[in-house]
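Here are a few exercises to work through with the structure open beside you. Try each task before reading its solution.

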Amino acid sequence: MYSHLGFHDHDYYERADFVLVKETRKAIRIKLIDKYRDNYDGLVFWMPKSVTKSYEDQDPNIKRAWFWEKLFYDNINKALAVREKKLNV
């Protein structure tokens, strides 16, 4: 279901550690773990499986995958906006 990184994929994909929140046939809902960027740590959002590569699920709790960078950061920015809106209500 998930493909592996190709030779030039590192230029277009971002690796992330996360907790798997939910999985459907077409997407995964992730809770991002980012100890280096506090504002990203704990963000929850959906990522399509079609832009997910080299999914590692050996650990029952922490997962790791490479996501197409553009959509990954688009989804992060949307999740940040939702978080900000909730804090300002």
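**Exercise 1.** What percentage of the 89 residues of the protein count as buried?

*Solution.* A word on the source comes before the answer. This is a predicted model, in which local features need pLDDT of at least 70 and side-chain atom pairs count only at pLDDT 80 or more, while totals for chains, interfaces and linings use all residues. Residues are numbered from 1 along each chain as its sequence is written, and side-chain values use heavy atoms, with hydrogens and water left out. Now the answer: 33% of the 89 residues count as buried, where buried means under 20% relative accessible area with a 1.4 Å probe, protein chains only.

**Exercise 2.** Find the order of the elements from the N terminus on.

*Solution.* Start with the inventory: one helix and five strands. These are DSSP runs, of at least four residues for a helix (H or I) and at least two for a strand (E), numbered from the N terminus. Then read along the chain, and the order is β-β-β-β-β-α.

**Exercise 3.** Check the radius of gyration against the globule rule.

*Solution.* Take the radius over C-alpha atoms, and for the rule use 2.2 Å times the number of residues to the power 0.38. For 89 residues a compact globule would come out near 12 Å, and the protein has 13 Å, which agrees. The C-alpha trace spans about 45 × 30 × 25 Å along its principal axes.

**Exercise 4.** Sort the side chains of strand E3 (residues 44–48) by face, then locate a pairing partner of the strand.

*Solution.* First, recall that side chains in a regular strand alternate between the two faces of the sheet. In E3, Phe-45 and Met-47 point to one face and are buried, whereas Val-44, Trp-46 and Pro-48 point to the other and are not. Next, strand E2 (residues 27–33) pairs with E3 in the antiparallel sense over five bridges; pairing requires that DSSP finds at least two bridges. One bridge joins Lys-31 to Val-44 in E3.

**Exercise 5.** Is Asn-75 buried or exposed, and which residues does Asn-75 touch beyond four places away in sequence?

*Solution.* Begin with the location: Asn-75 sits in helix H1 (residues 69–87). Its relative accessible area is 10%, so Asn-75 is buried. Then list the contacts (heavy atoms within 4.5 Å): Asn-75 touches Phe-45, Trp-46 and Met-47.

Notes:
Buried means under 20% relative accessible area, exposed over 50%, partly exposed in between (1.4 Å probe, protein chains only).
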